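Trainee: Please take me through this one label by label. I want each term set against its cut-off.

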Amino acid sequence: MSTERPPTIDPPAASRWANSLRDAAPWLHEEVARRMADRLQWIKLQPLAWADWEPMRGGLAGHAMVAKHYPKARCFVVEPNPARLQAAQRALRKPWWAAWGGSLGRPVFAMPGEGTVQMVWAN
């Protein structure tokens, strides 16, 4: 048995990543989201509500694919970082005239309540 400990994450690097703000997710995150979204066709149960966990990192294109696949489901967007939350609100907020159709299809920018969602999209 080895006595070597696994490497740790560099605290400054982890902090820099946690606080980073980008206009778009890394290309690999978008590709993973696309591949994950391809598998949604195999899920037979349709969620009434789903949560997108950190879409600014996981990919806005992935968010759009899931929203298109579940158009009748309510979407909660969870972004713990305030700067990324504002960026997500700018990127995902529907136009003012979309409010005429009611709240369906417009994301809720908040942590969902316990037992509220049937699916969490976390890329």
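The questions below go from the overall fold to its details.

Mentor: Start with the ground rules. This is a predicted model: local features need pLDDT of at least 70, side-chain atom pairs need pLDDT 80 or more, and totals for chains, interfaces and linings use all residues. Numbering runs from 1 along each chain as its sequence is written, and side-chain values use heavy atoms, with hydrogens and water left out.

Trainee: What makes up the secondary structure of the chain?

Mentor: Five helices and three strands. Both are DSSP runs numbered from the N terminus: H or I over at least four residues for a helix, E over at least two for a strand. In sequence order the pattern is α-α-β-α-α-β-α-β. The C-alpha trace spans about 60 × 35 × 30 Å along its principal axes.

Trainee: How do you know which strands pair with β1?

Mentor: Pairing takes at least two DSSP bridges between two strands. Strand β1 (residues 49-53) and β3 share four, in the parallel sense. With strand β2 (residues 74-78), β1 has five, again parallel. Both counts meet the cut-off, so both pairs stand. Some partners: W50 bridges to M119 in β3, W53 bridges to A122 in β3, and A51 stands opposite F76 in β2.

Trainee: Why is β1 called largely enclosed?

Mentor: Four of its five residues are buried, so the rest of the structure largely encloses β1. Buried means under 20% relative accessible area; exposed is over 50%, and partly exposed lies in between (1.4 Å probe, protein chains only). Over the whole chain, buried residues make up 29% of 123.

Trainee: Which side chains of β3 point to the buried face?

Mentor: M119 and W121 do, and they are buried. V120 and A122 point to the other face of β3 (residues 119-122) and are not buried. In a regular strand, side chains alternate between the two faces of the sheet.

Trainee: What makes E31 and R34 a salt bridge?

Mentor: A side-chain nitrogen of Lys or Arg must lie within 4 Å of a carboxyl oxygen of Asp or Glu. E31 and R34 have their closest N and O atoms 2.6 Å apart, so the pair qualifies. The spacing fits too: they are three residues apart in helix α2, and so about one helical turn separates them. Both are partly exposed, E31 at 22% and R34 at 34%.

Trainee: Which residues are linked with these two in a network?

Mentor: E31, R34, R35 and D38 are linked by salt bridges. Within that network, R34 and D38 meet at 3.2 Å, N to O. They lie four residues apart in α2, about one turn of the helix. D38 is partly exposed at 40%. The whole structure holds six salt bridges.

Trainee: Why is E54 called buried?

Mentor: Its relative accessibility is 17%, so E54 counts as buried. E54 forms a salt bridge with R57 at 3.6 Å, and R57 is buried as well. E54 sits in the loop between β1 and α3 (55-58). Its phi is near 55°, positive in a residue other than glycine. Most residues other than glycine have a negative phi.

Trainee: What makes W27, L28 and V32 a patch?

Mentor: Patch members have over 30% relative accessible area and no salt bridge; nonpolar side chains (Val, Leu, Ile, Met, Phe, Trp, Tyr) are joined within 5 Å, like charges within 9 Å. L28, at 46%, is partly exposed and belongs to helix α2 (residues 27-38). The three make a nonpolar surface patch of about 340 Å², an area from the Shrake-Rupley method with a 1.4 Å probe, counting only the protein chains shown as cover.

Trainee: How many cavities of 30 Å³ or more are there?

Mentor: One. A cavity is a set of points on a 1 Å grid where a 1.4 Å probe fits but cannot get out; lining residues have an atom within 4 Å of a point. Its volume is about 60 Å³, the space filled by probe spheres set on the points. The lining is W17, S20, R22, A25, P26, M56, R57 and R84.

Definitions and conventions
1 Å grid on protein atoms, 1.4 Å probe; cavity = no way out; pocket = protein on both sides within 12 Å on 5 of 7 lines; lining within 4 Å.
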